[in-house]
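Visitor: Please take me through one part of this model at close range. I would like to start from a single strand and work outward.

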Amino acid sequence: MKGLTKGKGKIKWQRIKTALVSGIMAVLPLGPVLSIFIMPSVQAANAVQEANHVALNQLADKLQLSYQLTASYLETCPAKETLCYRSAIELTLPTQLSSDKLSSDKLSSEELNHGDWQIYFSQLSPVYFVDAGDFNIEHINGDLHKITPKASFKGFVANQVYRIEFYSKGSQITRSEFMPNFFVAMGDKAQVIKSTQTRRDPETGLAEQDYLAPFNAEKQFLLAKNDATPFADGQYLAEQYQALAADKAPDISGKLIPTPLHSKRLDSAPLSLAKGYRLKADAADFKGRQSAFDYLASLGFAAKDKGTPLLLQLDTQAPKVASTEAHDSEMKTSEAYRLTITAEQISIRAGSEAGLFYGLQSLAGLISLSDDQLVAIEIQDQPRYAFRGLHIDLARNFHSLDFIKRIIPQLAAYKINKLHLHLADDEGWRLAIPGLPELTDVGAKRCFDLTEQTCLLPQLGSGIADVNPVDGYLTVAQYQEILQLADAHHIEVIPSLDMPGHSRAAIKSMEARYHHYLAKGDKAKAEEFLLTEFTDKTQYSSIQYYHDNTLNVCLPSTYHFIDTVIDEVKKMHQAVGIPLVHYHIGADETAGAWVDSPACIAMKKQKADELAGLHSLNGYFIERVANMLADKGIIAAGWNDGMGEVRPENMPAQVQSNAWSLISDNGHQIAHKQVNLGWKVVLSTPEVTYFDFPYVSHPDERGNHWAARAIDSFKVFSFMPDNLPAHAERWHNSLNQPFVSDDSHSQLKPGHSFYGLQGHLWSEMVQSDEQAEYMLFPRMVALAERAWHKAPWELAYDYQGKIYSQQTQHFARQLNGQAEQVLKQDWQTFAAVYANKVQPKLAKAGVFYRIAPPGIRVEHQQLVLNSLYPNAELEYQLDSGPWQSYRQAFKLNDVKHIRARVKDGTRYSRPSTWQNPRE
């Protein structure tokens with residue numbers, strides 16, 4: 001109510017208060033003096049609150065807010081910052097606000113406009129410098145910022161544009177990094193500003209940000225002076241597509257994804273799918289059989305009384321497929337299978353239930369929805385890696401139970417066997433824990449509560465509604481439903497509740513619990529699970545700019561909390577008969593915490609000998625929790641940076657580490673070091689496995705940018721996971737500059753290798769289930785190919801150690817100098833199988849996969865269109881008129897739009913431009 005205590009507002013307020021008091025005195029009987037004065041005060045306060053509420057709603061509804069990225073990088077930044085970008089926010093109120101509901105003696109619109117309001121918004125990189133004007137911007141925490149009017153602001157004038165120019169640290173370059181859902185607040189009330197909400201484009205199904213001004217390649221594309229990233233317009237895409245195009249369509253009748261180890265066509269008539277199959281009486285029963293049959297039925301191949309006989313034979317003495325590709329001896333027996341298809345019979349033989357399940361998945365993989373026959377074929381197969389995973393972040397932005405249930409059968413279809421669920425982070429706790437209801441009552445929702453006793457403050461453009469689509473959590477029953485569905489598809493669920501960093505949701509939830517029980521006078525219960533030391537005055541900033549997101553690793557209550565959570569998660573697994581095998585503790589990004597913690601200072605003195613040799617207290621924490629897990633029969637997993645802070649001799653015998661360090665920054669050295677310790681190292685290389693990055697370097701493609709500006713399906717397909725440093729010959733860093741990988745002193749020990757490969761979907765910029773599916777598919781299919789099958793063109797790892805660069809050309813010289821051609825031919829087959837077999841199945845299952853936009857090139861004054869995948873349906877629209885199907889090159893006219901579409905015509909790619917915006 002600050003605006004109502006200054007100048008004319010004070011005079012008006014006195015008049016309103018006098019009128020209200022006079023009116024009440026006239027109608028009330030005489031009574032105690034106290035009541036005479038209290039009642040007018042209450043009504044006056046209510047009148048002001050109502051006025052503020054009216055003004056708040058009107059501001060939220062009518063205020064037009066526009067965000068502009070004015071320079072994606074600056075050679076010289078204000079206040080001596082080394083890396084920054086410049087932005088501007090423009091505020092326009094098309095009409096004056098009304099105060100009709102306050103009283104007949106109205107406050108003027110100017111005074112209402114000048115009320116005590118703030119605008120909150122998410123800015124991933126913190127604002128640190130604001131140009132002179134009528135407004136301030138304050139960084140609150142994480143990405144949350146607040147705009148407030150200065151004393152010089154005299155209120156909104158209708159249709160006047162108020163411009164706020166400011167500078168932010170770091171960089172933002174894709175449109176999805178500029179968050180929606182700004183909200184205006186007055187007192188303890190807030191409303192989302194309508195003009196900053198996204199809308200869903202009816203043709204593409206993608207989110208549109210009307211509040212965000214268009215980007216161009218001149219000022220809003222590059223990250224530095226030496227940034228050589230190409231602008232992926234239609235012309236650039238055409239060149240890329242053409243370089244990978246096939247001279248003639250490959251024969252894919254006996255092909256599937258992932259590629260089997262061995263396959264050969266048989267001299268037999270094809271199998272008729274229309275006949276269906278008939279399960280032989282002696283067919284083995286096994287876990288996952290019904291799930292596999294259900295999937296086959298969804299593809300039109302169902303059980304029929306007179307169908308083709310189907311033999312499923314579980315034979316533990318079955319001969320194993322000989323290959324050096326399997327990196328785990330147990331895996332050779334656990335997932336190998338032999339599939340034989342003729343016109344007379346289908347036979348699947350395996351030494352394990354998993355092998356039989358994958359044999360049925362390969363049968364499904366051979367099916368094309370446009371063909372009712374299968375060629376006669378024999379397949380002998382086994383996987384490359386024991387661990388073939390997908391990580392899904394449900395913490396930053398929640399994704400629904402239906403989404404997870406829709407994804408699991410798709411993962412199984414391509415033989416993915418691990419689902420790593422990221423269930424807690426700074427922005428949300430997404431799993432109900434019996435006995436600790438505050439974790440979800442408070443930590444699973446974001447709203448406008450400055451005390452954070454009922455919810456977390458908004459982050460990542462989450463909005464503030466009580467029921468928010470990006471918030472929510474899994475109940476115990478829902479989590480168990482996921483466990484059972486995953487288990488029926490031979491997928492292990494790996495829960496991850498990040499700690500000790502990335503723990504703000506847990507910390508604030510337990511603080512709310514503390515205050516609740518302290519108010520009841522129960523100090524012991526208040527402190528039982530407390531993760532905060534209130535006397536710790538350490539000042540730090542996490543990598544996401546939080547100053548309070550790291551739990552205190554020196555408090556006994558911290559370990560009591562962790563022990564309780566782990567026990568409850570383990571009970572959820574045990575209750576449905578599915579063991580908790582791996583538990584991912586996160587264990588990363590804690591720099592700067594605990595420096596001034598009294599508890600930690602005391603512990604360092606008390607346990608000096610026990611802590612000797614540690615780089616940080618984070619290492620102590622990981623060692624302690626990893627051994628806590630081992631005592632419960634659970635394998636600890638964590639990210640490689642945190643795991644690198646431990647003393648290996650103090651870790652349990654079995655440890656899993658996710659290697660996510662950048663290859664372009666010699667990250668292979670860290671990965672190799674941890675493999676050489678005997679740990680199970682899963683490749684989580686950001687430049688190729690982080691599916692929250694854009695498909696191509698275009699601002700309209702959703703994603704982050706710090707590790708890579710583009711990760712398309714071909715990059716994932718062409719990954720050589722056994723030989724990380726060799727990618728220096730083929731890749732560039734995030735500025736599209738070459739780099740050198742030195743493996744001369746960090747080589748793997750002979751006989752040591754990686755345990756597996758995992759794709760990752762972090763959700764900071766993924767705000768719906770559809771966006772999640774768009775980011776996953778088709779890249780996840782390409783990752784499944786590399787996780788299961790080692791291609792002949794992959795450069796073998798040199799255990800002697802080498803230095804790799806753009807000049808060394810070890811990859812190109814292999815296979816008699818034909819490696820590039822063999823890779824291209826392999827991609828052409830993969831692309832054809834994806835386009836003709838996989839994509840129609842994804843569509844049938846309702847998966848919102850990405851449609852690649854067309855490439856466009858000019859030849860002899862004609863436009864020629866092409867696509868990344870064969871048989872794509874391409875369309876163009878002239879300046880006026882209907883969309884036309886592309887069949888052949890056409891005259892260079894004034895083309896308005898060019899796009900691709902799915903075959904049923906219900907969804908389209910984002911449009912391509914055919915003229916480089918820089919020209």
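Guide: What follows starts at strand E23 and moves out to the cores, a helix pair, a loop and two sheets. The model is predicted.

Strand E23 covers residues 492-499, and eight of its eight residues are buried. The strand is therefore largely enclosed by the rest of the structure. In a regular strand, side chains alternate between the two faces of the sheet. Both faces of E23 are covered. Glu492, Ile494, Ser496 and Asp498 are buried on one side. Val493, Pro495, Leu497 and Met499 are buried on the other.

Now the partners of E23. Strand E21, residues 418-425, runs parallel to E23 and is joined to it by six bridges. Within that pairing, His420 has Ile494 of E23 as its bridge partner. Strand E24, residues 582-586, also pairs with E23 in the parallel sense, over two bridges. There, Met499 stands opposite Gly586 of E24.

Next, the nonpolar cores. The largest has 201 residues. Leu360, Trp429, Phe561 and Tyr583 have the most contacts inside it. Helix H24, residues 819-844, supplies the largest share of this core, eleven residues. Another core lies apart from it, with 32 residues, among them Leu65, Val127, Phe166 and Phe178.

Phe561 deserves a closer look. Setting aside residues up to four places away in sequence, Phe561 touches Trp429, Leu436, Leu439, Ala506, Met510, Phe529 and Leu531.

Helix H13, residues 556-575, packs with helix H16, residues 617-631. Their axes come within 11 Å and cross at roughly 35 degrees. The crossing is right-handed. From H13, the residues in contact are Thr558, Tyr559, Ile562, Asp563 and Ile566. From H16, they meet Tyr620, Phe621, Arg624, Val625, Met628 and Leu629. By class, this contact has eight nonpolar, one polar and two charged residues.

Then a loop residue. Gln767 sits between strand E29 (756-761) and helix H21 (769-776). Its relative accessibility is 17%, so Gln767 counts as buried, the cut-off being under 20%. Beyond neighbours within four places in sequence, Gln767 is in contact with Met179, Pro180, Asn397, Leu460, Val470 and Arg702.

Two open sheets complete the tour. One has five strands in the order E5-E6-E3-E8-E9, with antiparallel pairing. Its edge strands are E5 (135-141) and E9 (189-192), each pairing on one side only. Neighbouring strands of this sheet are turned by 25 degrees against each other on average, direction ignored. Inside the sheet, four bridges join E3 (residues 117-122) to E8 (residues 183-186). Tyr120 has Phe183 of E8 as its bridge partner.

The other sheet has three strands, ordered E34-E33-E36, again with antiparallel pairing. E34 (884-885) and E36 (895-901) stand at the edges with a single partner strand each, so one side of each is left without a neighbour in the sheet. E33, residues 873-878, runs antiparallel to E34 and is joined to it by two bridges. In E34, Gln884 is the bridge partner of Tyr876.

Key:
Residues numbered from 1 in each chain as written. Predicted model: local features only at pLDDT ≥ 70, side-chain atom pairs only at ≥ 80, totals over all residues. Heavy atoms only, no water. Axes fitted to C-alpha atoms, helices over the stretch in contact; angles between N-to-C directions. Left-handed = near helix turned anticlockwise from the far one by under 90°. Contact = heavy atoms within 4.5 Å. Nonpolar A, V, L, I, M, F, W, Y, C, P; charged D, E, K, R; others polar. Core = buried A, V, L, I, M, F, W, Y, C linked by side-chain atoms within 4.5 Å. Buried < 20%, exposed > 50% of the residue type's maximum accessible area, 1.4 Å probe, protein only. Pairing = 2+ DSSP bridges.
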